[in-house]
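Reader: Could you take me through this protein slowly, and tell me what each term you use rests on?

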Amino acid sequence: MYLSKIVISGFKSFLEKTVVELEQNKIMVVVGPNGCGKSNIFDAVRWAIGEQSMKSLRSPSSEDIIFSGAQKAAAVNLAQVQLHFLNDEEKDLPKYGKISEIQISRKLFRDGNNQYSINQRNCRLLDVRTLLMDIGVSYTGYSFI
């Protein structure tokens, strides 16, 4: 099981829908000048898997992770991150069975409401964390280098 795709829209500096494709057993490098949003990709992944600390996401409040506008772009009312995991080993997952792809999504609306989903079905944060533990990803025990 591996993370195959990250889809980000309205999150921090990502106004437009941005898709980051990841290949299995390959090293991914994000290169760019200071301030272009490289670390926001990592923040998006952390946020999607359930990070609750705005300090860890380098934001003073949850509303600040929603794209707040720029000189030529208006603010948006929704931040969304989708993580696509490929179950290449066809591992049998509790509650989901043997499925080839799992999509975990988190949305935050400007009014403060959060919405989590697994394979386009609304769920609780607890359900996301349980699934992540089942596929071998702990929301507390990961590192980005």
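Author: Let us begin with Lys-12, which is buried, with a relative accessible area of 13%; please keep in mind that this is a predicted model.

Reader: Why is Lys-12 called buried?

Author: The word buried is kept for residues under 20% relative accessible area, and Lys-12 has 13%, so it counts as buried. Lys-12 lies in the loop between β1 and β2, and its phi is positive, at about 50 degrees, although it is not a glycine.

Reader: What makes Asn-25 count as exposed?

Author: A residue is exposed when its relative accessible area is over 50%, and Asn-25 has 76%, so the word applies. Asn-25 belongs to the loop between β2 and α1, and it too is not a glycine although it has a positive phi, of about 60 degrees.

Reader: How do you know that Val-31 is exposed?

Author: The cut-off is again over 50%, and Val-31, with a relative accessible area of 73%, is therefore exposed. Val-31 sits in the loop between β2 (18–21) and α1 (38–48), and together with Ile-27 and Val-29 it forms a nonpolar patch on the surface, with about 380 Å² of accessible area for the three together.

Reader: What makes you say that strand β3 is mostly covered?

Author: In β3, which holds residues 78–86, 7 of the 9 residues are buried, where buried has the meaning of under 20% relative accessible area.

Reader: How do you know that β3 pairs with β1 and with β4?

Author: Two strands pair if there are at least two bridges between them. Strand β1 (residues 2–9) is joined to β3 by 7 bridges, and β3 is joined to β4 (residues 101–109) by 9 bridges, so both meet the condition. The strands run antiparallel in the pair of β1 and β3, and the pair of β3 and β4 is antiparallel as well. Lys-5 stands opposite His-84 in β3, while Leu-86 has Glu-101 in β4 as its bridge partner.

Reader: Why is the protein called as compact as a globular protein of its length?

Author: The elements of the protein, from the N terminus on, run β-β-α-β-β-β-β-α. The radius of gyration of the protein is 15 Å, and the globule rule gives 15 Å for 145 residues, so the protein is as compact as a globular protein of that length. Of these 145 residues, 38% count as buried.

Notes. Residues are numbered from 1 along each chain as its sequence is written. This is a predicted model: local features need pLDDT of at least 70, side-chain atom pairs count only at pLDDT 80 or more; totals for chains, interfaces and linings use all residues. Side-chain values use heavy atoms; hydrogens and water are left out. Patches are made of residues with over 30% relative accessible area and no salt bridge: like charges are joined within 9 Å, nonpolar side chains (Val, Leu, Ile, Met, Phe, Trp, Tyr) within 5 Å. Accessible areas come from the Shrake-Rupley method with a 1.4 Å probe; for residues, only the protein chains shown count as cover. A salt bridge is a side-chain nitrogen of Lys or Arg within 4 Å of a carboxyl oxygen of Asp or Glu. Helices (H or I, at least four residues) and strands (E, at least two) are DSSP runs, numbered from the N terminus. Buried means under 20% relative accessible area, exposed over 50%, partly exposed in between (1.4 Å probe, protein chains only). The radius of gyration is taken over C-alpha atoms; the globule rule is 2.2 Å times the number of residues to the power 0.38.
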